[in-house]
Amino acid sequence: MDGWPYRDFDVAALIAGGWRPTPIHEVIVKVHQRCNLACSYCYVYEHADQSWRDRPAVMPAEVFDAVAHRIGVHARDHDLRQVRVVLHGGEPMLLGAAALGRLADRVRAAAPAGCEVRVGMQTNGVLLTEPALRELRRHDITVAVSVDGVAADHDRFRVTRRGRGTFGAVSRSLELLTRAEFRAGFGGLLCTVAPDTDPVACYRALRAFGPPAIDFLLPHANWGVPPEQGGHGRWLTAAFDAWYADPDPVPVRLFESVVDLLLGGASRSEQIGLSPAALLVVESDGAIEQIDALKSAYPGACATGLHVSRDEFDAALAHPGVVARQIGAAALGPECSACPVRQVCGGGHYAHRYRPGAGFRNPSVYCADLRMFIDHARDRVVADTRALIGAVPA
Ligand code: SF4
């Protein structure tokens, strides 16, 4: 790490000034640290932070119980009505559906009465079978699957260790997930944007799987490790148009968040907006960390120095990296603060703002792309709003 990147934040002064942290509502738990695929853009295995090598492959039972206990305490202390727990990896299905079910039961058992624990899983989809899905349904675990568009594009990036594409296996899993008995457990699709692919074909391919929701993610990059290709703004703009023109659109979190923000609402996406991020990660060794997308910045970027064996999640709420993602416009650098679309963009994904030697108070490395996309979305929303108002009799 090249120096303390949060030197601009004085948490004590913020609290003295009346700011209060937002309690953690979502915990990503790294229950299995290894993966059965070797996706080219993976931020866990292919980027700067290689800490996975030193952590246990599987989260030990006592560590998971400590996680469940900390979640319960946090929910009780903050009177939370709902908490989301994401069983994550690596690839969580390497643990097996029965073991995942037991984890879901344990985390729910540790929650206070009146607090609903929604348990989800993010998977590459390759190991989902009918018996596995039945087990996951039995324990009310929703399943979100990573798919990168049409078969040829998906198979370029999402490959086995031997380099074989996985679209066929994932398609079979998605066909199962959309069956009536499993449908309620289908959480949605996650797609990483590749600017040299056809965005309209991508949206349609994802839509054809009948997901309840889609999210598009920009590949993790920063000013030290810029994106390998340009054109992400054009891609998002064209995909947005396909979605916006769809008479029966699937909810796309990034697009819906932009429209909501343009109309004065809040964001539900980490990638955009100034809404407080209320999310933490627990690694398989019990380390409490910030969003693991920061692994793409520098080794140790996610670390807080906290551990579930001794620390409550409240301690993380005072970490400058967590605070920076909860104080909205106050965390922005000078260019973003002066930007006309800052309320919508919010400086982009926190991990994408990192510049070696200068920390995170910078525009996103995708600044030009975000500006193009947001300006375009704003023009569409404004035109439609004007047409709507014009159509309303005075
Ligand atoms: S990243 Fe760029 S578009 Fe976004 S708020 Fe900052 S200056 Fe504006």
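A residue is called buried here if 20 or more other C-beta atoms lie within 10 Å of its own. Keep that cut-off in mind, and remember that the model on your screen is predicted.

**Stop 1: helix α14**

Start by selecting residues 367-391, which form α14. This helix has 25 residues and reaches 36 Å from its first C-alpha to its last, close to the 36 Å expected at 1.5 Å a residue. Now show the side chains of Asp369, Leu370, Phe373, Ile374 and Ala377, the buried residues of α14. What lies over them? The cover includes α8 (232-245), α9 (253-262) and α13, so colour those helices next.

**Stop 2: around the ligand**

Stay with α14 and bring the ligand into view. Which residues come nearest to the ligand? They are Cys336, Cys339, Cys345, Pro363 and Cys367, out of 13 residues around it. Select α12 (334-337), α13 (342-345) and α14 as well, since these are the elements that give two or more residues to the shell. The largest share, 3 residues, comes from α14. If you colour the shell by class, you will find 7 nonpolar, 3 polar and 3 charged residues.

**Stop 3: the whole chain**

Zoom out and switch to a cartoon view. The chain has 14 helices and 9 strands. Its radius of gyration is 21 Å, close to the 21 Å that the globule rule gives for 394 residues, so the chain is as compact as a globular protein of that length. Turn the C-alpha trace along its principal axes and you will see spans of about 60 × 55 × 45 Å. Buried residues make up 46% of the 394 residues. Among contacts between residues at least 6 apart in sequence, 73% join residues at least 24 apart.

**Stop 4: the largest nonpolar core**

Next, go inside. The largest nonpolar core has 106 residues, and Ile71 and Val85 are those with the most contacts inside it. Select helix α2 (residues 61-77) too, which provides the largest share of this core, 7 residues. Then centre on Val85. Beyond its neighbours within four places in sequence, Val85 is in contact with Val27, Val29, Ile71, Val107, Val117 and Val119.

**Stop 5: two buried residues in loops**

Select Leu128, in the loop between β3 (116-123) and α4 (130-138). Is Leu128 buried or exposed? It is buried, because 24 other C-beta atoms lie within 10 Å. Apart from neighbours within four places in sequence, its contacts are Met93, Thr123, Leu133, Val143, Ser173 and Leu176. Try the distance tool on Leu128 and Leu174: they are 46 residues apart in sequence and 8.7 Å apart in space, C-alpha to C-alpha.

Now move to Cys39, in the loop between β1 (26-30) and α2. Cys39 counts as buried because it has 21 C-beta neighbours inside 10 Å. Setting aside neighbours within four places in sequence, Cys39 is in contact with Phe157, Arg158 and Val159. Add Arg161 to the selection: Cys39 and Arg161 are 122 residues apart in sequence and 8.6 Å apart in space, C-alpha to C-alpha.

**Stop 6: strand β4**

Pick Thr142, which is found in strand β4. Thr142 is partly exposed, with 19 other C-beta atoms within 10 Å. Not counting residues up to four places away in sequence, Thr142 touches Gly120, Gly185 and Gly187. A further pair to try is Thr142 and Leu87, which are 55 residues apart along the chain with C-alpha atoms separated by 9.9 Å.

**Stop 7: backbone details**

Finish with the backbone. Most residues other than glycine have a negative phi, and most peptide bonds are trans. With that in mind, select Asp79, in the loop between α2 and β2. Asp79 has a positive phi of about 50 degrees although it is not a glycine. It counts as exposed because it has 10 C-beta neighbours inside 10 Å.

Asp140 also has a positive phi of about 50 degrees without being a glycine. Look for Asp140 in the loop between α4 and β4 (141-146). Asp140 is partly exposed, with 16 other C-beta atoms within 10 Å.

For the last selection, choose Gly89 and Gly90. What kind of peptide bond joins Gly89 and Gly90? The bond is cis, with omega about 20 degrees. Gly90 is in the loop between β2 (82-88) and α3 (97-109).

How values were computed. Residues are numbered from 1 along each chain as its sequence is written. This is a predicted model: local features need pLDDT of at least 70, side-chain atom pairs count only at pLDDT 80 or more; totals for chains, interfaces and linings use all residues. A nonpolar core is a set of buried Ala, Val, Leu, Ile, Met, Phe, Trp, Tyr and Cys residues joined through C-beta atoms within 7 Å. A residue is buried if 20 or more other C-beta atoms lie within 10 Å of its own, exposed if 12 or fewer, and partly exposed in between; C-beta atoms are placed from the backbone. Helices (H or I, at least four residues) and strands (E, at least two) are DSSP runs, numbered from the N terminus. Two residues are in contact if their C-beta atoms, placed from the backbone, lie within 7 Å. A residue is near a molecule or strand if its C-beta atom, placed from the backbone, lies within 6 Å of it. Ala, Val, Leu, Ile, Met, Phe, Trp, Tyr, Cys and Pro count as nonpolar, Asp, Glu, Lys and Arg as charged, and the others, Gly among them, as polar. The expected span of a helix is 1.5 Å times one less than its number of residues. The radius of gyration is taken over C-alpha atoms; the globule rule is 2.2 Å times the number of residues to the power 0.38.
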